[in-house]
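Morning, everyone. Let's put the next structure up and walk through it.

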Amino acid sequence: MAPSLISTPIDEAVLRGHLDLERTARGALPHRLPAEARRRIPDARLASAEAQPSGVRLVLRTAATVIELETLPTKRAYAGLPPLPDGVYDLVVDGRLVSRTTVPGGNVDTVIDMVTQEAELTEGPSGSARFADLPAGEKDVEIWLPHNEITELIALRTDAPVSPQPPRDRLWLHHGSSISHGSNATHPTGTWPAIAAAAAGVDLINLGFGGSALLDPFVARAIRDTPADLISLKLGINVVNADVMRLRAFTPAVHGFLDTIRDGHPRTPLLVISPILCPIQEHTPGPVMPVPRPAACASRPPGIPPRSARESSR
């Protein structure tokens with residue numbers, strides 16, 4: 001660490017877009033579901049998705065020209081497939097994206113079986129996302145964490161003191177699937193909820209969970225208990241992908257999900273939308289199952305195979 005840099009604690013005051021901050025042996029791990037909800041998570045897919053900090057960012061006021069954020073990433077890998085790109089850290093200054101960087105190394109969680117989500121964890125070192133040559137003078141700074149990479153926060157170092165930014169006047173909470181999580185986005189401010197929030201000038205809590213928008217009651221309770229000025233829900237695609245219910249169960253499950261949210265938000269504007277398009281399942285039913293041909297899957301996002309289970313069995 002350069003002697004000219006000073007350390008600032010990473011706490012609730014400088015962090016946005018999360019619902020819980022777990023203290024770890026080395027630092028803090030932001031979560032997008034509270035501890036009570038996490039105790040009810042039934043599978044590794046959702047456990048991984050909610051810990052990937054899509055929409056989570058550090059929000060600062062500072063005159064610093066150098067900022068270092070030390071983190072311990074946990075990267076996702078898939079056995080037999082090429083490595084995924086490192087997660088991206090976006091630096092936004094006074095509302096404008098000015099820099100991007102990555103943190104190499106870290107832990108690697110390798111999925112061995114995409115059906116059962118069985119995985120093996122290989123531990124690795126921490127690293128730093130470093131931003132230098134920033135403009136002089138007081139400015140509003142946001143560091144958006146990788147939307148697709150679990151990120152343990154260890155230290156924040158700057159060459160000038162930092163203070164928290166006040167929250168914006170309005171807060172938008174959105175829940176959805178990988179489309180909302182940002183599965184095809186290349187950087188965290190490039191997910192559609194981040195783009196929409198910036199355009200509207202609102203704070204964002206993104207509860208988009210890849211493969212896991214399944215009307216879980218504990219998610220509804222988390223939304224119920226979170227203050228928000230606007231709530232939106234994108235429902236349906238993962239229910240089809242996973243083949244988890246039929247129409248008879250789906251309809252009351254949606255109503256129950258909405259009723260739970262309304263218990264805590266009786267007058268908050270609430271928008272419910274469905275996915276517009278899912279080419280791999282427009283004409284075939286779920287569940288989506290991996291096709292054991294790496295060459296066929298290499299050009300597609302891991303975990304999003306080219307055919308449904310019915311097609312794969314032919």
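Leu 271 is partly exposed, at 45% relative accessible area. Partly exposed sits between buried, under 20%, and exposed, over 50%, with a 1.4 Å probe and protein chains only. Leu 271 lies in strand β18, residues 270–273. Strands are DSSP E runs of at least two residues, helices H or I runs of at least four, numbered from the N terminus.

Leu 271 also joins Ile 179, Trp 192 and Ile 273 in a nonpolar surface patch of about 320 Å². Patch residues have over 30% relative accessible area and no salt bridge; nonpolar side chains (Val, Leu, Ile, Met, Phe, Trp, Tyr) are joined within 5 Å, like charges within 9 Å. A salt bridge puts a Lys or Arg side-chain nitrogen within 4 Å of an Asp or Glu carboxyl oxygen. Areas are Shrake-Rupley, 1.4 Å probe, with only the protein chains shown as cover for residues.

A caveat: this is a predicted model, with local features needing pLDDT of at least 70 and side-chain atom pairs 80 or more, while totals for chains, interfaces and linings use all residues. Numbering runs from 1 along each chain as its sequence is written, and side-chain values use heavy atoms, without hydrogens or water.

Now the inside. The largest nonpolar core has 25 residues; Leu 58, Leu 69 and Ile 143 touch the most other members. Strand β7 (88–93) is among the elements giving two or more residues, and β7 gives the most, 3. Core members are buried Ala, Val, Leu, Ile, Met, Phe, Trp, Tyr or Cys, joined through side-chain atoms within 4.5 Å.

Overall, the chain has 9 helices and 18 strands. Of its 314 residues, 48% count as buried.
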